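Please look over the sequence and the model shown here, and then work through the exercises below. Each task is followed by a solution that goes step by step.

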Amino acid sequence: MSLYATLAQQVSDAEVLRVLLSIGGDEIAHFLEWMDFSGNGVQPPVAPVTDPVTGLVFPNFDVTVNPLLQTNLIFPVPCEFISSSLPPVSIIRPTGQGQIDAVSFVNALIADGLFIGQPETFTAMLFEMGNAADEAIRGL
């Protein structure tokens with residue numbers, strides 16, 4: 001069980017809840033990363049490697065000179081999207097209104113071409129659901 005999931009059920013401050021929920025997902029990602037060491041699989045001596053059956057190529061992902069893109073970067077980084085005053089923290093993505101919302105997500109899915117060929121009634125329904133989600137108010 002996640003400590004963050006447990007704490008999230010007990011907090012009353014919305015900003016603390018945002019941080020806890022965001023950290024919880026990152027905690028899961030860290031566990032998965034450590035369990036299979038996938039970042040280390042795409043650097044020497046393993047990478048670059050080509051699958052002899054499919055021809056799929058895994059390049060050496062560690063050739064970048066940017067330390068923020070290194071293959072095993074799984075530790076905390078700055079989190080300006082919540083607050084520039086926070087120290088480095090492990091959070092998956094923005095969680096605040098205006099940073100990501102349901103209507104923006106629907107627009108992103110449409111822009112990606114996910115719903116090409118769907119009738120206008122389908123996308124209208126998606127926007128209706130997105131607007132309802134964005135207008136929802138959390139109560140404690």
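The exercises go from the whole chain to single residues.

This is a predicted model, in which local features need pLDDT of at least 70, side-chain atom pairs count only at pLDDT 80 or more, and totals for chains, interfaces and linings use all residues. Residues are numbered from 1 along each chain as its sequence is written, and side-chain values use heavy atoms, with hydrogens and water left out.

**Exercise 1. Describe the secondary structure of the protein and the order of its elements.**

Solution. Begin with the definition: helices (H or I, at least four residues) and strands (E, at least two) are DSSP runs, numbered from the N terminus. On this basis the protein has 4 helices and 2 strands, and along the sequence they follow the pattern α-α-β-β-α-α.

**Exercise 2. Find where in the protein confidence is lowest and where it is highest.**

Solution. The score to use is pLDDT, the predictor's confidence in each residue, from 0 to 100. Its mean over the protein is 76, with 66% of the residues reaching 70 or more. Turning to the parts, helix α1 (residues 3–8) has the lowest confidence, at a mean of 69, whereas helix α4 (residues 120–135) has the highest, at 91. Where pLDDT is low, the predicted coordinates should not be read in detail.

**Exercise 3. Place Val46 and decide whether it is buried, partly exposed or exposed.**

Solution. First locate Val46, which lies in the loop between α2 (14–36) and β1 (49–50). Next apply the classes, where buried means under 20% relative accessible area, exposed over 50%, and partly exposed in between (1.4 Å probe, protein chains only). Because its relative accessible area is 45%, Val46 is partly exposed. Finally, consider Asn60, which is 14 residues from Val46 in sequence, while the C-alpha atoms of the two are 8.3 Å apart in space.

**Exercise 4. Work out which residues Ala102 is in contact with, leaving aside its neighbours within four places in sequence.**

Solution. Start from the position of Ala102, which is found in helix α3 (residues 102–111). Ala102 counts as partly exposed, because its relative accessible area is 23%. Contact means heavy atoms within 4.5 Å, and, with the neighbours within four places set aside, Ala102 is in contact with Gly130, Ala133 and Asp134. As a last step, compare sequence and space for Ala102 and Asn131, which are 29 residues apart in sequence and 7.0 Å apart from C-alpha to C-alpha.
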